[in-house]
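Hi everyone, thanks for making time. Please have a look at what I'm about to put on the screen, and then I'll walk you through it.

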Amino acid sequence: MEENNPQCSSVVDGNFEEVPRETAIQFKPPLYRQRYQFVKNLVDQHEPKKVADLGCGDTSLLRLLKVNPCIELLVGVDINEDKLRWRGDSLAPFMGDFLKPRDLNLTITLYHGSVVERDSRLLGFDLITCIELIEHLDSGDLARFPEVVFGYLSPSMIVISTPNSEFNPLFPSVTLRDSDHKFEWTRMEFQTWALYVANRYDYSVEFTGVGEPPAGAENVGYCTQIGIFQKNGGKATEACVSEQHDQHVYKARQGLTMLPRLVLIFHPQAVLLPHLPKMLRLQVFTTSYPSLQQERFFKLVLVNEVSQQVESLRVSHLSRRKEQDGERGDKPKDIGGSKAPVPCFGPVFTEVEKAKIENSPKPFCVGDKFFVPLQRLLAYPRLNRLCANEEMMRSVIADSIPLSSDGSAVVADLCNYFDEQFEF
């Protein structure tokens, strides 16, 4: 049964019967969102760099996690190739990701394969999630699951969620919540299995859940039960360089070079196309996000930030000069323009940041040129976060922004065409 629909369907021996809206339990937010938010909160807390979602389905969890700044590698694995085939576009970078690149690199990859197959590309991960997965495994795969995930992959942390069958009587006419579920465990059954696995593979485990029961039924526990497994010692098993660990069983990127050039033009990150021969169906999906660790994007961001700060300082300088002229009784030249804009919004600085800015070399004018020392620019927090020192800033912006003869300051025209529209 899908716990999130206003109108639920119960599953009894494969037969679906409609359940009236008023008798169905409603979760707010929907239960699947509570599960995903639980994982996101865990990621926010532990800040893993490498995360894999086994049984990723429609990639909803991956799409939620990709915005997390700590993650550098995000992998999804699913046995259903059809689900993966057309979900890649939703994981690709949008225009905004190029306009404001991440601090750290991010690569997202989808693999087609079984969660009980060993693939060395998933070694050394910080977190592996298995959300509503194990109940879909038959007895043979369930027996192999701990060997692969806990024994072979052995990540720092594993999160497993599964239905709590003690909650099922609260649903009308429900035995199993989904026709594909092979089993659904009570809390005792899940905890017995989890403690056995944790003990065998040197993990600790704690239990929680999402989906609060209604008032008066608190004794049944959460609708979804969750086990959080942490590797004793806290460190993931590093990928072994020996040949015995170099196992690539998931369908991945190798077949891309075999695809016709026409396909590459229209689908540079294409998932497999259904009309291609089976032997060519090796590409699932992979994409990389722009980040400040990549030279071209770092330069674009730095040049833009420097240009904006210099322009802000230039406009402020002209505004102050206009005010000083007014105090002396000098009437500014009327060129028929509108009132000069005075910036009224901007970053808010702490007292320490203000003091650092005030103590840095001040902008100055020579003739019709406006000079902003690089040391002044580095005093601003956003630029200081991007650049460690003056030499680094100079080397990056030198071929994009005019500098003084000694390279110590950015040079701009004191007045430009747009100033003629105002009373500067």
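Let me start with a question: which side chain meets that of Arg35 in a salt bridge? The partner is Glu132, with 3.6 Å from N to O. By salt bridge I mean a side-chain nitrogen of Lys or Arg within 4 Å of a carboxyl oxygen of Asp or Glu.

Before I go on, two words on where this comes from. This is a predicted model, in which local features need pLDDT of at least 70 and side-chain atom pairs count only at pLDDT 80 or more, while totals for chains, interfaces and linings use all residues. Residues are numbered from 1 along each chain as its sequence is written, and side-chain values use heavy atoms, with hydrogens and water left out.

Back to our pair. Arg35 sits in helix H1 and Glu132 in the loop between S6 and H5, 97 residues apart, so the bridge links distant parts of the chain. Those labels are DSSP runs numbered from the N terminus: helices are H or I with at least four residues, strands are E with at least two. Arg35 and Glu132 are both buried, where buried means under 20% relative accessible area, exposed over 50%, and partly exposed in between, using a 1.4 Å probe and protein chains only.

Now let's stay with H1. This helix has 16 residues and reaches 23 Å from its first C-alpha to its last, close to the 22 Å expected at 1.5 Å a residue; the expected span is 1.5 Å times one less than the number of residues. Its buried residues include Leu31, Tyr36, Phe38 and Leu42, and the buried residues of H1 pack against H2, S6, S7, S8 and S9. Contact here means heavy atoms within 4.5 Å.

H1 also holds a salt bridge within itself: Asp44 and Lys40 lie 4 residues apart, about one turn of the helix, and their closest N and O atoms are 3.4 Å apart. Lys40 is buried, at 18% relative accessible area, whereas Asp44, at 36%, counts as partly exposed. Right after H1 comes Glu47, with a positive phi near 50°.

What about the inside? The largest nonpolar core has 37 residues, and Leu65, Ile71, Leu74 and Leu110 have the most contacts within it. Such a core is a set of buried Ala, Val, Leu, Ile, Met, Phe, Trp, Tyr and Cys residues joined through side-chain atoms within 4.5 Å. H1 gives the largest share of this core, 6 residues. Apart from it lies another core of 35 residues, among them Val75, Cys130, Leu137 and Phe190.

Phe190 takes us to helix H6. Its 14 residues, 187–200, should span 20 Å, and the end C-alpha atoms are indeed 20 Å apart. Which residues of H6 are buried? They are Phe190, Trp193, Ala194, Val197 and Ala198. These cover an arc of only 130° around the axis, taken from the directions from the helix axis to the C-beta atoms, which puts them on the same side of H6. The face turned away carries the exposed Met188, Tyr196, Asn199 and Arg200.

One last stop, at helix H12, residues 390–397. There Glu391 forms a salt bridge with Arg394, at 2.9 Å between the closest N and O atoms. Shared partners join Glu390, Glu391 and Arg394 into one network. Thanks for listening!
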